[in-house]
There are 2 protein chains.
Amino acid sequence: MHDYLEQSFSVKFEYRVHFTSGLFDITNTLLNDFLNDRKIEGIQQKILFVLDEGVAKSHPNLVDKINAYFDHFSTVKLAENIVLVPGGEKVKNHSYYNEFIINTINDYGIDRHSYLAAIGGGSVLDTAGLSAAVAHRGVKHIRIPTTVLSQNDSGVGVKNGVNFKSKKNFMGTFAPPAAVFNDDQFLTTLTDRDWRSGMSEAIKVALIKDGDFFNWLETNATDLSARDLPTMNYLIKRCAARHLEHIRSGDPFETGSARPLDFGHWSAHKLEQLTNFEVTHGEAVAMGIALDSVYSGLKGNISEDEVRRIIDLLLRLGFAITHPLMELQDESSPLLLGLNEFREHLGGRLTITLLTAIGKGQEVNEMDWLLLKKASEKLKALDAKVA
Amino acid sequence: MHDYLEQSFSVKFEYRVHFTSGLFDITNTLLNDFLNDRKIEGIQQKILFVLDEGVAKSHPNLVDKINAYFDHFSTVKLAENIVLVPGGEKVKNHSYYNEFIINTINDYGIDRHSYLAAIGGGSVLDTAGLSAAVAHRGVKHIRIPTTVLSQNDSGVGVKNGVNFKSKKNFMGTFAPPAAVFNDDQFLTTLTDRDWRSGMSEAIKVALIKDGDFFNWLETNATDLSARDLPTMNYLIKRCAARHLEHIRSGDPFETGSARPLDFGHWSAHKLEQLTNFEVTHGEAVAMGIALDSVYSGLKGNISEDEVRRIIDLLLRLGFAITHPLMELQDESSPLLLGLNEFREHLGGRLTITLLTAIGKGQEVNEMDWLLLKKASEKLKALDAKVA
C-alpha cells in the first residue's frame with residue numbers, strides 16, 4: 001500500500017580565502033581578476049557593498065577608493081550607493097538591519113548572478129550573509145572581513161546568522177560565500193582590544209587540533225602583543241586553514257550534534273549575553289577556554305603543567321581569564337543556563353569538547369557542575385595571583 | 001604576494017516522498033516508522049505542526065487525529081499546540097506569518113533534531129519551509145502537501161519562499177525536506193477548482209520531458225475531470241517522479257540560469273500578480289503553457305497538430321486558456337514586464353523554455369514580442385470558438 005520515491009543528490013561548494021594587502025588599490029587586480037573569471041557572457045553583473053560604520057570611520061577614504069576601483073575596472077557595475085550599517089551585536093540584535101539589506105538588494109536589482117559584498121567585522125558579515133542567502137534564494141556573497149576574529153574564523157566559514165529574542169544566532173543559514181578576501185590593511189586600524197580579541201579562536205583551534213601551532217603561539221606571543229603585522233598574518237592564515245579543514249572534513253552543515261570547534265564556547269556565548277555584549281566574543285572565548293581547560297585539568301585529562309601553559313599564554317596575550325559572572329554559586333547560576341541553551345542550539349544533546357592534550361580535543365556529553373564550580377574558583381585564584 | 005586557501009566540499013541530501021492514505025490513522029504506522037528510524041539515543045525529539053486553516057476547516061477532526069496519533073505513538077513529543085495559518089498567497093504576502101512560525105519554533109523549543117511539520121497547500125509549505133530553514137540554521141522539516149499542485153510539484157522539491165514587496169518568492173532558500181508525505185485523503189475535500197488547478201504542472205512536465213505521459217493524460221482526461229482518485233494518484237506520482245529526477249540530474253540549487261521546469265511560468269507569475277492572485281498558480285500556468293505552446297507553434301518549432309492537442313487537453317481538463325490581461329496591446333503591456341522580472345529572478349539572463357515536440361523542451365534566450373502578440377490573439381480566437 002505504501003509506496004515512495006527516493007531523492008538523493010550532492011551539491012558541491014567551492015570558494016577561496018584570499019590574503020592580500022590593499023584590496024581596493026588600483027594596482028591590486030585580485031578582486032577584479034576574481035570578478036572577471038566569473039563574468040557571464042551577455043549579462044551585466046552588479047556588485048553592492050555593505051560596509052561596517054566602524055570600518056568606514058577608521059578608513060575615511062574607503063568609499064572613494066571603492067568607487068575609484070570600479071570606475072577603473074568596469075568588469076561589474078557598482079551599485080549607486082554603498083550601504084552603511086553599524087557593527088557589533090547591534091546589527092545582529094535588530095531584525096531591521098537584515099530587512100534593510102534585503103531591501104537594498106531589491107532596490108539595486110542585485111540578482112542571482114550579482115554580488116553582495118560585505119566589509120566589516122563578524123557581526124556585519126553574519127547579518128549581510130543571511131540577507132544574501134535569502135534574497136532571490138541566494139545572491140553571490142563576497143566576504144571582506146576586517147578584524148582578526150573574522151579573518152581567522154567566522155568570516156572564512158559557511159555560517160551566517162542574526163540574534164532573535166536575545167538568542168544568539170537563532171536565525172541563520174549555512175551558505176558558503178563566493179569568495180573571502182582578507183586584507184591586512186584593515187588590521188592596522190583595529191583597537192588593541194579588537195587586535196587581541198580575535199586571537200582567542202586561534203588559541204582554541206591550536207588547543208583542539210594543532211599542538212605545533214600552540215607552540216608557535218607561545219614562541220610568538222610577544223610579537224603578537226606588540227602588533228607585528230607579518231606575525232599576525234601567519235596566525236590568521238594558519239587558524240583559517242584549520243577552520244576550513246575542519247568544515248570540509250567533518251559535517252559542513254552540522255546535521256549531527258558534534259561541534260568540536262565550539263571548545264570554550266558554551267560559557268562564552270552565555271557570558272556575552274549576560275554582559276549585554278560588553279564582553280566581546282573573543283574575550284568571552286578566552287575565558288571559556290580558560291574555564292574548560294582548568295576543568296579538563298581537574299578531570300585529570302590534561303596535566304597541571306599543560307593547564308599552566310594555557311593560562312600563561314592567555315595572560316601573556318593580555319586576556320582576562322575570568323569574570324565575576326563566572327563565579328558559580330549554585331546550580332542555578334546564570335552562566336550554567338548556557339549549558340542548556342548550548343544543548344538546545346546543538347539539537348537536544350549536549351556535546352562539549354574538552355582537552356586530552358594540548359592539540360587534542362575530545363567530546364563529552366555532560367559537565368559536572370561541582371567540578372565546574374571548582375574550576376571557576378581555581379581560575380579566580382590564578383587571576384588574583386596575577387593582579 | 002597574493003596567496004589563498006582553497007575550500008571545497010560536497011554535501012549530500014536525501015529524502016523520500018511517501019504516498020499513503022490516512023497518514024494520521026492509528027493503523028497507519030508510516031509516519032511513526034519514519035520518526036522511529038531517526039530516533040537519537042538520549043534525546044527527546046519534538047514535533048510541531050503548522051496547519052493550513054483551509055485544511056483544518058475541511059478536515060474538522062484532523063487536530064484530534066494528530067493528537068491521538070502522538071498519544072498512541074510516543075516516539076517524538078508533540079508540541080502542546082498545533083499552529084494555524086491561512087493558506088494561499090496571504091501567508092506568503094505578509095512577513096508576519098514567517099516570523100510567527102519562527103516564534104513558535106522558539107516557544108516550543110524545537111531544536112535541530114526536532115521537526116517542524118507543515119500540512120497544507122504550496123503556500124503554507126513554502127512559508128513554513130523558510131521558517132524551518134532559518135530557525136537554528138535549519139530544523140528538520142516534514143512536508144505534508146494537501147493539494148494536487150503541492151503533492152505533484154512544489155511540495156516535493158527543494159525550494160521554499162515568501163513574497164516581498166509583491167515580488168513572488170523574493171525571499172527563500174534551497175532546503176531539502178527531511179521527508180514528504182503525500183496523503184490522498186486530503187485530495188477528496190478539494191474544491192473542483194483546486195483539483196483541476198494542480199494538473200497544469202503535470203501537463204507542463206509531460207510537455208517538456210515525457211511525451212508518453214502526455215499521451216496518458218489525453219487518454220485519462222475524462223477520469224481526471226470526473227475526480228477519479230486512483231487516476232489522480234497516478235498523475236501525481238508520475239509528475240512528482242519527473243520533478244525529483246529533474247532536480248537531482250540538473251542543478252539542484254540553481255546556480256546557473258537555466259530553469260527548464262519553468263515552462264509557461266514567466267507569464268503565469270505575472271498574471272497571478274496582476275490579478276492579485278485571483279487567478280491561481282495552476283490556472284495561470286495553464287494559460288502560460290497555452291501561450292508558450294502557441295508561440296512555439298508560430299515559430300515553427302512544433303506542428304499545428306501538436307498545438308491543437310495541447311490546447312484540447314487543457315480545455316478537456318476544464319482550464320481557461322487565456323485571460324484579458326494576456327491580450328498584448330503594445331510593448332509596454334503589463335504582462336510583458338513578466339519577462340523582465342523573470343530575467344532578474346534567474347539572474348540577469350533571460351532563459352525561456354519552448355517546445356520542439358510534445359515531450360521535449362528547448363531553451364531560448366529571447367522572446368519576440370510581436371510573435372507573442374500574435375500568439376495571444378490566436379489564443380483569444382481559439383477561446384472564442386470554444387465559448
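A salt bridge here is a side-chain nitrogen of Lys or Arg within 4 Å of a carboxyl oxygen of Asp or Glu. With that in hand, welcome to a set of close-up views of a predicted model.

**Figure 1. Salt bridges between chain A and chain B.** Four salt bridges are counted between chain A and chain B. One to look up in your viewer joins the side chains of A:Arg16 and B:Glu6, at 2.9 Å from N to O. Polar contacts between the two chains add up to 35 residue pairs, with both residues at pLDDT 80 or more. On the side of chain A that touches chain B, the elements giving two or more residues are E1, helix H5 (95–107), helix H6 (122–134), E8, H11 and helix H15 (334–346) of chain A. E1(A) gives the most to that side, with 18 residues. Sorted by class, the side of chain A that touches chain B holds 29 nonpolar, 24 polar and 18 charged residues.

**Figure 2. The extent of the contact between the chains.** Chain A brings 71 residues to the contact, and chain B brings 71 residues as well. The size of an interface is often given as the accessible area lost when the parts come together. Between chain A and chain B the buried area is about 6,900 Å², and carbon and sulfur atoms give 54% of it.

**Figure 3. The axis that relates the two copies.** Chain A superposes on chain B through a rotation of 180° with 0.0 Å of shift along its axis, at an RMSD of 0.0 Å. This is the relation of a two-fold axis. Which residue of chain A comes closest to the rotation axis? That is A:Val11, whose C-alpha lies at 2.7 Å. Of the interface residues of chain A, 100% are also interface residues in chain B, so the copies meet through the same surface.

**Figure 4. Two domains within chain A.** Chain A is divided into domain 1 (17–189) and domain 2 (192–386). Their C-alpha centres lie 28 Å apart. In the contact, 25 residues of domain 1 of chain A meet 31 residues of domain 2 of chain A. The two domains bury about 2,300 Å² between them, with 67% given by carbon and sulfur atoms. Three residues to pick out are A:Val148, A:Asn152 and A:Lys168, which supply 24% of the area that domain 1 of chain A buries against domain 2 of chain A, more than any other three residues.

**Figure 5. Polar and charged pairs between the domains.** Three salt bridges are counted between domain 1 of chain A and domain 2 of chain A. A salt bridge at 3.7 Å, N to O, brings together the side chains of A:Asp153 and A:Lys204. Six residue pairs are in polar contact across the domain interface, both residues at pLDDT 80 or more. On the domain 1 side, strand E1 (3–20), helix H4 (89–93), helix H7 (148–152) and strand E8 (167–171) of chain A are the elements that give two or more residues. H7(A) gives the most, with four residues. By class, this side of domain 1 has nine nonpolar, 10 polar and six charged residues.

**Figure 6. A salt bridge between distant parts of chain A.** Over all chains, the whole structure holds 44 salt bridges. In this view, the side chains of A:Asp192 and A:Arg227 meet at 2.8 Å, N to O. A:Asp192 sits in helix H8 (residues 192–197) of chain A, while A:Arg227 sits in the loop between helix H10 (211–225) and helix H11 (229–249) of chain A, 35 residues apart.

Note on methods: Residues numbered from 1 in each chain as written. Chains lettered and ligands numbered in written order. Predicted model: local features only at pLDDT ≥ 70, side-chain atom pairs only at ≥ 80, totals over all residues. Heavy atoms only, no water. Domains from an automatic or database assignment. Contact = heavy atoms within 4.5 Å. Buried area = accessible area lost by both parts, 1.4 Å probe. Polar contact = N/O pair within 3.5 Å; in protein donor to acceptor, adjacent residues only side chain to side chain. Nonpolar A, V, L, I, M, F, W, Y, C, P; charged D, E, K, R; others polar. Least-squares fit on C-alpha atoms with pLDDT ≥ 70 in both.
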